[in-house]
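Could you walk me through this model in my viewer, one selection at a time? I would like to know what to pick next and what I will find there.

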Amino acid sequence: MAISSLHLFCRVIDNFGDIGVCWRLARQLAAEYQLAVTLWVDDLASFHRICRAIDPALPQQAAGAVSVRHWSDPFPDIAAQQVPDLVIEGFGCRLPASYLDAMAARAVKPVWINLEYLSAEPWVDGCHRLPSPHPSLPLTKYFFFPGFTAGTGGLLRERELDAMRSAFAADPGAVPAFLAQLGVAHARPDRILTLFCYPQAGVADFFSLLQGEDADTLCLVAEGVASEAVRAFMDAPAQAGARRTKANLTLQVIPFLEQPDYDRLLWCAEMNLVRGEDSFVRALWAERALLWQLYPQEEQAHCVKLDAFLARYNKDLPPGLATALAGVMRGWNGAGIEHAPWQQLWTPAAQQALRLHARRWAAQLRENGDLAAKLMRFAQESC
């Protein structure tokens, strides 16, 4: 059986990460594999922030080639013949019982996949693609893990992404022209940073640190991110267009961007501070130095995931730089930034090494295959 239709379910937990991944995957599967894609989302307001075409008031609408439906309670009646060939539940979001009954009533059962969260932990390879039979229905769910090795599902990456980034980098006017669209005067600072973080990040301390650096820094932060620290720095509302310079730091608030423009923003920077999963993966493909803040979990469980990533990512860095990067990233994730060796990351030699390392690491990740391609291959094999 050829896979021609898909329902993808998403519950929004951290505002943008869950819907960011699901929306990107939905678009890619519709565009590159010509699937008839329906994306079920419970929070259309958050969806609207990253896709302006979405009307939060509409229960059913189209966004490009993707049909979008509001996942409401009670769940609408779905007949067996309306169930698609492939069903993906994003991040264990638990499908409605009535929908499971419709899946079970389908003559040819759909391929059912639970798309898991990204992790670099070693156990992921062994759990990737494992089956889980339903306890009472004739259905089997498969766990599909994104990851950093060939034995996992890989990372989301559209076919044209590398060519688009290369074309952007080859155009000397691309960066100032794009920043001008965002209302950012490109005064050629020594470095550009982007900031996308959770509220727990030590942003005020980070701003103080940058003010005391020798280099001039332009830090671009999306509206609604780190609002209290930005407001304190600006001594004004943290609204798009607000800009202020203190010592060697210029901070500017920019509009919240849709996904294609967010990619371009990452390409403009020397370093990107990102959070969660979607922006993190895009920062990896941007081939720039990065700092990752994980979604905070109880008992510092996210630090285990961070250390697993650092063990892979830092392996080929010079030992001193690897130690500095690990210290800074752990500090950014809750250990406190005041004693982290930030200055060691800002030297020209360190920045050049981090940029080269990011490029090489992205090349290694590309060899693992992209998530959409591996997911479709597995779905076809599982029919």
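Start by selecting Ile50, Phe196, Phe256, Tyr262 and Ser279: of the 25 residues that line the largest cavity, these lie nearest its centre. Keep in mind that you are looking at a predicted model. The space enclosed here comes to about 280 Å³, and the cavity is one of 4 of 30 Å³ or more that a search of the whole structure finds.

Now colour the elements around this cavity. Two or more lining residues come from each of α1 (17-33), β9 (191-195), β10 (217-222), α9 (259-268) and α10 (278-286). If you are thinking about the chemistry of the wall, the lining has 13 nonpolar residues, together with 6 polar and 6 charged ones.

Keep α1 and α10 on display for the next stop, since each of them also supplies at least two residues to the lining of the second largest cavity. This one holds about 90 Å³ of space. To see its wall, select Val21, Arg24, Leu115, Leu118, Pro146, Gly154, Leu155, Leu156, Glu277, Asp278, Val281 and Leu371. By class, that selection splits into 8 nonpolar residues, 1 polar and 3 charged.

Leave Leu371 highlighted, because we are about to follow α1 to a helix partner. Show helix α15 (residues 371-382) alongside α1: the two pack at an angle of about 70°, and their axes are 10 Å apart. That angle makes α1 roughly perpendicular to α15. The crossing in which α1 passes α15 is right-handed.

Which residues make the contact? On the α1 side, pick Leu25, Gln28, Leu29 and Tyr33; on the α15 side, pick Leu371, Ala372, Ala373 and Met376. Of the residues in this contact, 7 are nonpolar and 1 is polar, with no charged residue.

Step just past the end of α1 and select glutamine 34, in the loop between α1 and β2 (36-41). Check its backbone: phi is near 55°, a positive value in a residue other than glycine.

Next, look for an open site. The largest pocket has a volume of about 370 Å³, and 16 residues line it. To centre your view, select Tyr117, Gly276, Glu277, Tyr295 and Lys305, which lie nearest the centre of the pocket. You have met Glu277 already, in the lining of the second largest cavity. Both α1 and α11 (301-313) supply at least two residues each to the pocket lining. How does that lining divide by class? There are 8 nonpolar, 4 polar and 4 charged residues.

From the pocket, follow α11 to its contact with helix α14 (residues 348-367). The axes of these two helices come within 12 Å and cross at roughly 95°, and α11 and α14 are therefore roughly perpendicular to each other. For the contact itself, select Phe309, Arg312 and Tyr313 in α11, then His357, Ala358 and Trp361 in α14. This set has 4 nonpolar residues, 1 polar and 1 charged.

For the last stop, go to proline 74, in the loop between β4 (66-70) and β5 (86-90). Show the backbone here and include aspartate 73: the peptide bond joining aspartate 73 and proline 74 is cis, with omega at about 5°.

Terms used:
Residues numbered from 1 in each chain as written. Predicted model: local features only at pLDDT ≥ 70, side-chain atom pairs only at ≥ 80, totals over all residues. Heavy atoms only, no water. 1 Å grid on protein atoms, 1.4 Å probe; cavity = no way out; pocket = protein on both sides within 12 Å on 5 of 7 lines; lining within 4 Å. Points joined across faces, edges and corners; volume = space filled by probe spheres on them. Helix = DSSP H or I, 4+ residues; strand = E, 2+ residues; numbered from the N terminus. Nonpolar A, V, L, I, M, F, W, Y, C, P; charged D, E, K, R; others polar. Axes fitted to C-alpha atoms, helices over the stretch in contact; angles between N-to-C directions. Parallel < 35°, antiparallel > 145°, perpendicular 65-115°, else oblique. Left-handed = near helix turned anticlockwise from the far one by under 90°. Contact = heavy atoms within 4.5 Å.
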